[in-house]
Amino acid sequence: MKRRAAITGFPVAHSRSPLIHGHWLAEHGIEGSYEKIAVPPDAAQAFYGDFRESGLVGCNVTVPNKEVAAAACDELDDAARAMGAANTLWLDDAGRLIGANTDGLGFLGNLDQTLPGWDNGLSHAVVLGAGGAARAVIWALLSRGVKTVVIVNRTYQKAADLQVRFGADSIARHWEDLEELLGKTGMLVNTTSLGMSGQPPLEIDLRNLPESAIVTDLVYVPLETPLLARARARGNPVADGLGMLMHQAVPAFERWFGVRPRVTEELRALVLADLGRAP
Ligand code: ATR
C-alpha cells in the first residue's frame with residue numbers, strides 16, 4: 001500500500017518539505033507521497049487527536065500546531081518532551097501516535113556535516129532568541145554536552161522562561177550584555193528573524209568574539225546573512241541555516257519510509273533554486 005505522509009500546519013503553501021521528501025522518494029524509488037495539508041488552529045486538536053482517520057503513516061507539523069500536536073500524542077521522544085513541541089508524528093504498530101522533535105537533530109546534523117568536529121571542546125554557546133527555534137537549538141547543544149548555553153533575547157522574560165524549562169546549564173542574560181558575553185564564547189547562534197529578507201538587520205558588534213568561535217544563523221533567506229558574511233570575513237567558521245531545514249527531515253523520512261536519506265549537494269541546489277523562484 002502506498003505510504004502517505006504530509007506537512008501539516010497553517011499556512012503550509014510555502015513549505016519546502018514536499019520538495020525535500022519528494023526528492024528522496026524519487027531517489028529511492030519508493031512508492032509513497034508527501035502532501036501539504038492545511039490544518040488551521042481551530043481544527044488542529046481534532047486533526048491530531050483523530051490522526052488514525054487521516055490515512056497517513058505520519059506527518060510533519062509546522063507552526064502554529066507543534067504544541068497542540070505534542071499534546072495529542074500518546075508518547076513523546078526526549079526532545080519533544082523537553083521542547084513541549086512536536087514536528088514529526090507517526091503511528092506505531094499498535095496504532096499509538098508518537099511524537100518527536102527533529103529540529104534539534106537537524107541543527108546538529110547540519111553542523112556535523114559542514115563543520116566536522118565542531119563540538120570538540122565546545123563548552124560555552126550564546127543563543128540569540130527565545131522562540132520555538134531557540135528551544136530546538138538549546139536542547140541540541142545541551143544534549144551534545146555543551147556546559148553553558150546562554151540565552152539572550154530582546155524580551156528578557158522569555159529567555160528566563162527557557163532557563164526554567166532547560167535547567168541549570170542554560171542561563172538567561174539581557175540583550176545589553178551580548179557584546180561582553182561574546183568575548184568568552186565558542187559559538188554564536190542566531191535564532192531570531194533579524195537579518196531575514198524584509199526584517200530589520202541584526203546589529204551586533206563582533207569585535208570581542210574569538211576568531212575560533214563558530215557562527216551559525218538559522219535564517220536562510222538570504223543564504224549568506226549579513227551576520228554570516230561579517231563572521232566569515234573576520235575568519236570565524238560559519239554554517240548557514242539551509243542545512244538545518246534539510247537535516248531535520250532525515251529522521252522523519254527514515255521513520256515513515258524505512259530508508260535513511262542523505263543530504264547532498266544536489267538536494268541543496270534543488271532547494272536553493274526553489275527559494276530563488278519564490279522566496
Ligand atoms: P521561531 O519559532 O522561528 O523561533 P518566534 O517564536 O516568533 O519564532 O521567535 C522569534 C524570535 O525573534 C524571538 O526571540 C523574538 O524576540 P522577542 O521574544 O523579544 O519577540 C526575536 N525577534 C523578532 N524580531 C526582533 C527584533 N526586531 N529585535 C530583536 N529580536 C527580535
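A cavity here is a set of grid points where a 1.4 Å probe fits but cannot get out. Keep that in mind for the first close-up; everything shown comes from a predicted model.

**View 1. The enclosed space.** The largest cavity has a volume of about 30 Å³. With a cut-off of 30 Å³ or more, the count comes to one cavity. Its walls are made by Phe-107, Asn-110, Leu-111, Thr-216, Leu-218, Asp-240, Gly-241 and Met-244. Helix H5 (residues 103-114) supplies the largest share of this lining, three residues. Sorted by class, the lining splits into four nonpolar, three polar and one charged.

**View 2. The largest pocket.** This one comes out at about 1,700 Å³. There are 48 lining residues, and the ones closest to the centre of the pocket are Thr-62, Val-63, Ala-133, Met-196 and Tyr-220. If you're tracing the walls by secondary structure, look for strand S3 (58-61), helix H3 (66-72), helix H6 (132-143) and helix H10 (242-247), the elements that each give two or more residues to the lining. H6 gives the most, with four residues. As for chemistry, the lining has 23 nonpolar, 18 polar and seven charged residues.

**View 3. The second largest pocket.** Its volume is about 160 Å³. Going along the chain, the lining starts with Asp-77, Ala-79, Trp-90, Ala-100, Asn-101, Thr-102 and Leu-105, then carries on with Trp-139, Pro-251, Glu-254 and Arg-255. Helix H11 (residues 249-257) chips in the largest share of that lining, three residues. The class tally for this pocket reads six nonpolar, two polar and three charged.

**View 4. Where H1 meets H12.** Two packed helices are described by the angle between their axes and the distance between the axes. For helix H1 (residues 17-27) and helix H12 (residues 265-277), the axes come within 10 Å and cross at roughly 145°. The crossing of H1 and H12 is right-handed. On the H1 side, the contact is made by Leu-19, Ile-20, His-23 and Trp-24, while H12 brings Glu-266, Leu-267, Leu-270, Val-271 and Asp-274. Put by class, the H1–H12 contact has six nonpolar, one polar and two charged residues.

Technical notes. Residues numbered from 1 in each chain as written. Predicted model: local features only at pLDDT ≥ 70, side-chain atom pairs only at ≥ 80, totals over all residues. Heavy atoms only, no water. 1 Å grid on protein atoms, 1.4 Å probe; cavity = no way out; pocket = protein on both sides within 12 Å on 5 of 7 lines; lining within 4 Å. Points joined across faces, edges and corners; volume = space filled by probe spheres on them. Nonpolar A, V, L, I, M, F, W, Y, C, P; charged D, E, K, R; others polar. Axes fitted to C-alpha atoms, helices over the stretch in contact; angles between N-to-C directions. Left-handed = near helix turned anticlockwise from the far one by under 90°. Contact = heavy atoms within 4.5 Å.
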